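This report looks at backbone geometry: peptide bonds and phi angles that depart from the usual pattern. The sequence and structure come first.

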Amino acid sequence: MKTKLISSLVFFAFSGSQAVHATAVTDAMIENDAKSGKEILTYGMGTQGQRYSPLTQVNTKTVSKLVPAWSFSFGGEKQRGQESQPLIHDGKMFVTGSYSRIYALDARTGAKLWKYEHRLPEGIMPCCDVVNRGAALYDNLVIFGTLDAQLVALDQKTGEVVWKEKIDDYAAGYSNTAAPLIAKGLLLTGVSGGEFGVVGRVEARDPKTGKMIWMRPTVEGHMGYKYDKDGKKTEIGISGTTNKTWPGELWKTGGASTWLGGTYDQSTGLAYFGTGNPSPWNSHLRPGDNLFSSSTVALDVLTGEIKWHYQTTPHDGWDYDGVNEFITYQQNGKTLGGKADRNGFFYVIDAKNGKLENAFPFVKKITWATGIDLKTGRPNFVAANRPGDPTKGADGAKGNTVFSAPSFLGGKNQMPMAYSPKTNLFYVPANEWGMEIWNEPVSYKKGAAYLGAGFTIRTINDDYIGALRAMGPVTGKIVWENKNVAPLWGGVMTTAGDLVFYGTPEGYLKAVDAKTGKEMWKFQTGSGVVAPPVTWMDGDTQYVSVVSGWGGAVPLWGGDVAKKVNYLEQGGSVWVFKLSSK
Ligand code: CA
């Protein structure tokens with residue numbers, strides 16, 4: 001009798017706490033996401049994108065006792081690259097998979113609560129595998145972008161579609177793979193498709209309804225708009241000045257896609273979006289700097305106005321893009337942003353006004369420029385190392401081939417780095433590789449690849465391509481590095497437990513000492529890791545998680561490197577770890 005009473009009381013307490021936890025995600029919760037560390041409400045573990053957790057239960061002394069708690073398979077035949085970062089809220093994990101799928105799981109047990117599988121049309125054109133990088137949470141919704149350029153908002157509890165909006169025409173090459181960003185109650189998203197001559201932009205929507213608020217193109221000459229509650233649009237001015245840095249007509253299909261999404265800093269009120277290559281790749285067809293391609297653009301979240309821009313690769317001729325995440329942090333009373341660009345240089349920029357504070361290489365071989373002039377903020381180009389003009393080639397069909405490093409797959413690509421305010425170091429998943437690249441004639445055709453270039457990716461070193469590097473933003477020095485045979489393609493996380501977590505294509509999730517890089521723990525996930533790890537606290541237990549599933553751009557475009565790593569198997573699962581109680 002007594003036992004029965006106690007167990008029913010326990011049951012009541014348990015179900016009661018579940019009900020209390022059913023909280024709508026608010027702006028205040030999102031703004032506090034990085035500090036609390038308890039849940040994971042945002043891509044980047046905070047809108048600044050630092051990927052730093054204040055949690056300490058798992059630390060340099062305890063991490064050796066980290067064991068799997070559960071694993072969940074995304075199922076089906078649709079494996080391919082899994083670049084997704086899970087979100088955690090109300091005891092649930094929300095995780096996206098390849099082919100525009102999203103799952104809600106019990107975060108303690110891994111039991112499936114619901115799945116949404118987006119119906120994709122024939123003829124989608126994702127350039128670089130059928131990936132998705134994660135969702136956004138707002139109110140009672142979980143929102144993610146799809147490969148056919150739509151946004152879908154689902155009820156967190158049931159998985160039912162609450163709203164669905166088309167971003168643009170997938171048949172023109174538009175797609176969406178980035179996690180949306182919530183800032184000041186707005187849903188901010190970009191577009192993918194720079195290899196098809198799309199027009200890059202940032203859009204703000206009401207996250208509860210999906211209705212447009214404003215749209216700001218990231219290509220000079222295109223008009224921005226704001227929208228009233230009935231969807232009627234009003235012009236809010238052209239981006240830049242038409243033809244100022246982009247003479248002729250090619251800006252009309254100018255690329256500069258915002259395919260990796262953005263970050264947001266509360267202290268500046270600005271959202272930071274990276275922009276991809278100007279289209280087409282053949283730079284001789286489009287003289288000028290070609291704003292706002294291969295840049296960071298800082299936007300006023302409420303108006304969509306471009307407050308400042310910093311172009312990392314003016315007149316990009318190598319597909320260096322400039323999409324990499326801009327992570328803001330505090331230093332000597334200033335809000336700065338760190339960005340490890342695909343072009344091989346690391347930039348430290350004043351997040352308020354866009355002034356360049358520091359720039360240094362984070363990879364060992366860079367051929368296209370000798371450095372960045374800190375006074376002018378411009379690269380010192382090596383003219384001979386720009387791929388040649390096909391019209392000046394012997395037969396007019398192919399320009400001079402040059403060897404370029406980094407390759408267009410970048411000193412760093414989509415995999416996000418982490419910043420620790422504790423060590424004041426950035427942890428950069430870098431790659432050392434090059435490419436042979438040449439230009440060809442090309443003209444725009446809707447829905448066709450718009451490169452005007454050919455390439456072969458080459459290795460530089462026999463023993464490694466990837467290197468996780470701890471870098472000081474003031475000194476520009478590599479404090480430590482861990483080399484990796486395969487190219488690193490997953491993201492990084494650092495914690496107040498003095499650890500850095502990262503995954504490898506060889507299948508390992510690793511934890512290393514944040515100060516020295518010494519390997520403390522590793523686990524084989526069964527497929528390559530190309531996604532960023534996360535950590536959260538549930539009750540008295542700290543969990544660590546990462547998605548596993550080899551794929552992304554390397555197997556598709558990697559040339560010699562793809563051949564070198566073609567033994568790696570595909571997958572599709574999420575792993576969760578906690579400390580063993582033994
Ligand atoms: Ca590109």
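## Cis peptide bonds

In this predicted model, Pro406 sits in the loop that runs between strand 27 (402-404) and strand 28 (418-420). The bond leading into Pro406 from Ala405 is cis, its omega being near -5°.

A cis bond also joins Ser279 to Pro280, here with omega near -10°. Pro280 belongs to the loop between strand 18 (270-274) and strand 19 (295-300).

## Positive phi angles

Which residue in the loop between strand 2 (66-73) and strand 3 (87-89) deserves a look? Arg80 is found there, and its phi is positive, about 60°, although Arg80 is not a glycine.

Lys184 is not a glycine either, yet has a positive phi of about 50°. Its place is the loop between strand 11 (181-183) and strand 12 (186-189).

## Accessibility of the positive-phi residues

Are these side chains buried or exposed, or something in between? The relative accessibility of Arg80 is 25%. Buried requires a value under 20% and exposed a value over 50%, so Arg80 counts as partly exposed.

Lys184 has a relative accessibility of 37% and therefore also counts as partly exposed.

## Background

Most peptide bonds are trans, and most residues other than glycine have a negative phi. Against that background, the bonds from Ser279 to Pro280 and from Ala405 to Pro406 are cis, while Arg80 and Lys184 have a positive phi.

How values were computed. Residues numbered from 1 in each chain as written. Predicted model: local features only at pLDDT ≥ 70, side-chain atom pairs only at ≥ 80, totals over all residues. Heavy atoms only, no water. Helix = DSSP H or I, 4+ residues; strand = E, 2+ residues; numbered from the N terminus. Buried < 20%, exposed > 50% of the residue type's maximum accessible area, 1.4 Å probe, protein only.
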